[in-house]
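Reader: I am new to this structure. Can we go through it by question and answer?

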Amino acid sequence: MLWDVDLDLPGSQLTAIVGPNGAGKSTLVRAALDLVPRQAGSARFWDQPLRDVRSRIAFVPQKQEVDWDFPVTVRDVVLMGLTPRLGLFRRPNGEHLQKVDEVMERLGLQPLAKRPISHLSGGQQQRTFLARAMVQGAELLIMDEPFAGVDGPTEELLFATLQSLRDQGHSIVIVHHDLETVAKNFDHVVLLKREILATGSPSSVLVDSNLRLAYG
Amino acid sequence: MVDLLGDYTIRMVTIGSAIVGGLCGALGSFAYVRRQSLVGDVVGHAALPGVALAYLISQSKDLAVLMLGAGLTGLLALAVSILAVRYCKMDQGTAFASVLSTSFGVGVLLLSLIQQTHAADQAGLDRFLFGQAATLVEPQIITMAGVGTGALALMLIFFRPLVTLSFDPSYSRSTGLPVVGLESILLVALVSSVVVGISVAGVVLVAALLAAPAAAAHRWCTRFSTLVAVSAAFGALSGATGGFLSSTWANVPTGPLIILILTGLVIVSLLWGRRRTEPREVPS
Amino acid sequence: MTSSGWVVVIILLTCVTCSLVGCFLVLRRSAMTADAVSHSVLPGIVFAFWISGGLNLFSAFLGAVGAGALTVGLTKWLTRFKLKREDAALGIVFPALFSVGVIWVSVAYRQVHLDTDAILLGEVLLAPFEQLQIGTTSLGPVSVWLLGPLLVLATGYLKLFQKELILESLDPSFAKVSAPAASQIGSGLTLLLCLAVVASFTAVGVVLAIALLIVPTAVGRLWTDSLRLLIWLSVGIACLAGGLGLFLAFGLNLSVSGRKGKSSLSPPMYWRSILRATGTTRRNAG
């Protein structure tokens, strides 16, 4: 349940959506993507309605939403990133496959290509989904709690990857639960508790008065 | 062996059961990975009123007509249970159990109506309750093969998006795949394969025709496309073996024999399958 | 009492017992277990027939309960350690057991009359004629003697352990760690389920027993969120449907002979689906 959300997010930045449990963080991004029904309001991306720009957006759902026992390999998952571009009938050609290999190389997934996803660590799982989003050629990346259950070093590695994506002009929005890593890694923060409490740079948002409002 | 296959009945039963097994094995792998193996059970039970209605309306026992009726009520039942889950927040098992028992009740009512008005005419309809492969004749096999080819073609044409959808529904919706359309295509293909399966295995056992081959194949495969192929092969193999054996041994019904062979395959796969079987920590 | 009087008693007893047990089953999200158990009753009865050498209700009862327990146990084990998918585990276990039953009957007992139709579909009009006899006095139908004590047992068990059962359905992992007794009590519920299915199959057949177990609660759930109300509502809906079904069946003369008795419980199904539809629309409107 969310009220009166009026939010503009800047492009080419790493944005965190933070707030206490039940604040509606996941609901906010899911409503923006039409994954849950909205009572009212609309979401626009690059000043266009969602249906015109869907292929430019990649969504990475929460980990527990995915069936990790599904019989697919890492490469199969990355290949799924081609689905929006290929539509229902076309098959991937050499150029597409080359792009897949490039992305996997860049994220260090090549050695894992043939591994079933049931045999991945938390960080490897997130890298796989990141690769899928990059193969899709998405300019906006929306990730729901990607750092849940990921250890420290892996988290830093993921952040480095995300930051380099941002430096190439990608916009990244992350639903996040860990306030400690926000200041260091993000450019923009949205503090949420059923409504928007504050939005702006980490140093301006994460001040005591705001935090007491959200968590106190 | 060659002589035996020369026998018309044995050949028909073997071929028919192999088609059914292969088809249900292939489509069943989709049901399996989506954790909906029990749709076979729902469609199976819901086919009964469809068969009875088709007979009441058309007064014919032509397999194609009866299968059409079964398919329509099966599809309706499945749609109702899916809508109940989505819009009434009903638990999937509760919705399935309610719909399957209710429609079976209606089916029994219609059958007893037929029994009263058409005296001894129920005989041909009973085949759907327990399945009767032994009486298969060539035109029926052609019908079954036709429906099966249609279902398989749907699956193959839309294979790639269907796999993406089954693996990650949220992602698929966010990228703008026509989710509702794809779901409907998959449901139609699944229902068709169940309806074909019923004519050999009967409404109760058809659940295992969907669930067992895929569960066995999952032990040997890491990729979904291989899983579909192996599952179809397991199904066809069990179908052919069960069909052949049951028509050479006296008194052994085909459907149950196929199911037992499939169960044997599952046991073998669970014991010696390549994939690790110890419980893994579920990623939180 | 006349035999139609006994029919009414048997039907009402069945309705109350099934809807009570089914209520907690639905809350635990294991409605399809009822489906599986009700089908694997067949091999249990065949086994009992083989052991005892004759068809009497009591041994059939024991055999069927055993088969039901086996189904639940196997499914749990497969789900936990092998397949990690409850739907697939159920979909393999009960057809396998059912197949064993069907093959066994058709190979070994061709000359014996073991009516698979009667087991699947039930013949309530015949139920009053199997009387419990001590010496030469007859004490009423066997079904009543099975259903009556079972209803008392079920009511006592559910009343006594209501708290644990709810805890176990809400949070099985918590129950397993912090209240192991609650897990055991949950297993007791599956045993009650087996008993209820077996006791009611003589009256309504195994497939319609599923309807009596699950549908009243599924419908009731659309109307209320309070557990106490839900229980009363389920029992009420079940009895209403059972009564209406009987009334219609007698009225429409759909069940004039024993052979056709199996249809007598179908009208309730019909009525229930109407009820269900109204419940759904009301919930959506409100």
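Reader: Which residues of H8(B) are buried?
Author: This is a predicted model. Helix H8 of chain B spans residues 159-167 and is mostly covered, with eight of its nine residues buried. The buried residues are B:Phe159, B:Pro161, B:Leu162, B:Val163, B:Thr164, B:Leu165, B:Ser166 and B:Phe167.

Reader: Which element gives the largest share of the largest nonpolar core?
Author: That core has 217 residues. Among the members that touch the most others are B:Phe167, B:Leu209, B:Phe224 and C:Leu83. The largest share, 27 residues, comes from residues 179-218 of chain B, helix H10.

Reader: How many residues are in the other core?
Author: This core lies apart from the largest one. Its members include A:Ile17, A:Leu33, A:Ile57 and A:Leu192. Its size is 16 residues.

Reader: Which residues of chain B does C:Leu83 touch?
Author: Leave out residues up to four places away in sequence. C:Leu83 then touches A:Asp69 in chain A. In chain C, C:Leu83 touches C:Leu78, C:Ala88, C:Ala89 and C:Ile92. From chain B come B:Tyr32, B:Ala215, B:Arg219 and B:Leu270.

Reader: Is C:Lys84 buried or exposed, or partly exposed?
Author: C:Lys84 sits in the loop between helix H3 (57-83) and helix H4 (86-108) of chain C. Its phi is positive, about 60°, although C:Lys84 is not a glycine. Buried needs under 20% relative accessible area, and exposed needs over 50%. At 29%, C:Lys84 is therefore partly exposed.

Reader: What is the relative accessible area of A:Glu145?
Author: A:Glu145 lies in the loop between E5 and H7 of chain A. Its phi is near 50°, a positive value in a residue other than glycine. Most residues other than glycine have a negative phi. A:Glu145 counts as buried, because its relative accessible area is 15%.

Reader: What unit do E5(A), H7 and E6(A) make?
Author: Strand E5 (residues 140-144) of chain A pairs with E6(A) in the parallel sense, over five bridges. A:Leu140 has A:Ser171 as its bridge partner in E6(A). Helix H7 (residues 152-167) of chain A joins these two strands in the unit. Together they make a right-handed β-α-β unit.

Reader: Which residue of E6(A) does A:Ile17 stand opposite?
Author: Strand E1 (residues 14-18) of chain A is also joined to E6(A). Four bridges link them, and they run parallel. A:Ile17 stands opposite A:Val175.

Reader: Which residues of E6(A) point the other way from A:Ser171, A:Val173 and A:Val175?
Author: E6(A) covers residues 171-175, and five of its five residues are buried. A:Ser171, A:Val173 and A:Val175 point one way. The other way point A:Ile172 and A:Ile174.

Reader: How many helices does chain C have?
Author: Read along the sequence, chain C follows the pattern α-α-α-α-α-β-β-α-α-α-α-α-α-α. Of its 286 residues, 58% are buried. Besides two strands, chain C has 12 helices.

Reader: Where in chain B is confidence lowest?
Author: The mean pLDDT of chain B is 86, and 90% of its residues reach 70 or more. Over residues 277-284 of chain B the pLDDT is below 50. Where pLDDT is low, the predicted coordinates should not be read in detail. In chain B, helix H11 (residues 224-248) is highest at a mean of 94, and confidence is lowest, at 61, in helix H1 (residues 2-6).

How values were computed. Residues are numbered from 1 along each chain as its sequence is written. Chains are lettered from A and ligands numbered from 1 in the order in which they are written. This is a predicted model: local features need pLDDT of at least 70, side-chain atom pairs count only at pLDDT 80 or more; totals for chains, interfaces and linings use all residues. Side-chain values use heavy atoms; hydrogens and water are left out. pLDDT is the predictor's confidence in each residue, from 0 to 100. Contact means heavy atoms within 4.5 Å. Buried means under 20% relative accessible area, exposed over 50%, partly exposed in between (1.4 Å probe, protein chains only). Two strands pair if DSSP finds at least two bridges between them. A crossover is right-handed if, with the strands pointing away from the viewer, the path from the first strand over the helix to the second runs clockwise. A nonpolar core is a set of buried Ala, Val, Leu, Ile, Met, Phe, Trp, Tyr and Cys residues joined through side-chain atoms within 4.5 Å.
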